[in-house]
Amino acid sequence: MEIKPAELYRDEVIELLAAQELPTVDLPGLLNNFFVAIDNNAITGVVGLEIYGNYGLLRSLAVNSSLKNKGIGAALLKRIETLATEKGLGAIYLLTETAKDYFEYKGYEHIARMDIPEEVKAASEFTHVCPDTAVAMQKSL
């Protein structure tokens with residue numbers, strides 16, 4: 001498995017996210033700070049990071065359903081956390097409806113939405129893409 005920048009794989013990223021029922025309507029035009037996992041010339045996973053001031057918003061961590069529990073998600077998450085550290089970010093935030101336990105296992109903590117920095121709350125994920133029922137989480141770097 002290789003992890004590569006996602007810029008050249010936009011259509012495949014959208015296809016994978018849609019298959020996992022994750023939002024695609026607000027993806028940035030260029031997938032800067034997004035990575036894909038590739039195995040046998042096929043996209044097996046994707047992850048992205050949006051940057052807001054000193055904070056990151058993790059989005060779109062997805063793995064092909066038939067390949068879950070093989071370390072792909074963990075490798076992608078590690079890559080995005082490394083990127084956030086390299087960029088000097090203080091914390092990563094996320095919203096999830098289905099993966100709370102996974103992110104807790106990876107060191108993320110449940111927090112109240114009101115405790116998320118204003119810069120991050122301005123992201124489309126918070127304003128209109130994810131429902132109010134999504135769990136907010138953070139990991140300090």
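Start by selecting Gly45, which sits in strand 3 (residues 42–52). You're looking at a predicted model, so everything on this tour comes from computed coordinates.

**Stop 1: Gly45 and its company**

Is Gly45 buried or exposed? Gly45 is buried, with a relative accessible area of 0%. Now show what surrounds it. Skipping the neighbours within four places in sequence, Gly45 is in contact with Leu16, Phe35, Val36, Ala37, Ala62, Val63, Ile72 and Leu76. Pick Phe35 from that list and draw a line between the two C-alpha atoms: Gly45 and Phe35 are 10 residues apart along the chain, and their C-alpha atoms are separated by 8.3 Å.

**Stop 2: helix 2**

Two of those contacts, Ile72 and Leu76, also turn up among the buried residues of helix 2, so select residues 72–86 next. This helix has 15 residues and reaches 21 Å from its first C-alpha to its last, close to the 21 Å expected at 1.5 Å a residue.

Colour the buried ones: Ile72, Gly73, Leu76, Leu77, Ile80, Glu81, Leu83 and Ala84. Where do they lie around the axis? They cover an arc of only 160 degrees, which puts them on the same side of helix 2. There's a handy rule behind this kind of pattern: an α-helix has 3.6 residues a turn, so residues three or four places apart point the same way. Spin the view to the other side of helix 2 and you'll find Lys78 and Glu86, which are exposed. Just after the helix, click on Gly88, which takes a positive phi of about 75 degrees.

**Stop 3: strand 7 and its partners**

Jump to residues 135–140, which make up strand 7. Of its 6 residues, 5 are buried, so the strand is largely enclosed by the rest of the structure.

Which way does strand 5 run against strand 7? The two are antiparallel, joined by 6 bridges. To see the match-up, select Leu94, which stands opposite Met137 in strand 7. Strand 6 (residues 109–110) also pairs with strand 7 in the antiparallel sense, over 2 bridges. Here, look for Glu109 opposite Gln138 in strand 7.

**Stop 4: aromatic rings**

Time to show the ring side chains. How many aromatic pairs are there? The count comes to 3. Take Tyr55 and Tyr93: their ring centres are 5.8 Å apart and their planes are at 70 degrees, so the pair is edge-to-face. This pair links distant parts of the chain, with Tyr55 in strand 4 (residues 55–63) and Tyr93 in strand 5 (residues 91–96), 38 residues apart. Tyr55 is partly exposed, at 22% relative accessible area, whereas Tyr93 is buried, at 5%.

Next, select Phe103 and Tyr108. They form an edge-to-face pair too, 5.5 Å centre to centre with 75 degrees between the planes. Phe103 is buried at 6% relative accessibility, and Tyr108 is buried with a relative accessible area of 3%. Add Tyr102 to your selection, and you have a cluster of Tyr102, Phe103 and Tyr108 linked by ring pairs.

**Last stop: zoom out**

Switch to a cartoon view of everything. The protein has 5 helices and 7 strands, and along the sequence they follow the pattern β-α-β-β-β-α-β-α-β-α-α-β. The C-alpha atoms fill a box of roughly 45 × 30 × 30 Å along the principal axes. A compact globule with 141 residues would have a radius of gyration near 14 Å, and the protein's 14 Å agrees. Finally, try colouring by burial: buried residues make up 44% of the 141 residues.

Terms used
Residues numbered from 1 in each chain as written. Predicted model: local features only at pLDDT ≥ 70, side-chain atom pairs only at ≥ 80, totals over all residues. Heavy atoms only, no water. Phe/Tyr/Trp six-rings, centres within 6.5 Å; stacked < 30°, edge-to-face > 60°. Helix = DSSP H or I, 4+ residues; strand = E, 2+ residues; numbered from the N terminus. Buried < 20%, exposed > 50% of the residue type's maximum accessible area, 1.4 Å probe, protein only. Contact = heavy atoms within 4.5 Å. Expected span 1.5 Å × (residues − 1). Arc of directions from axis to C-beta. Pairing = 2+ DSSP bridges. Rg over C-alpha atoms; globule rule 2.2 N^0.38 Å.
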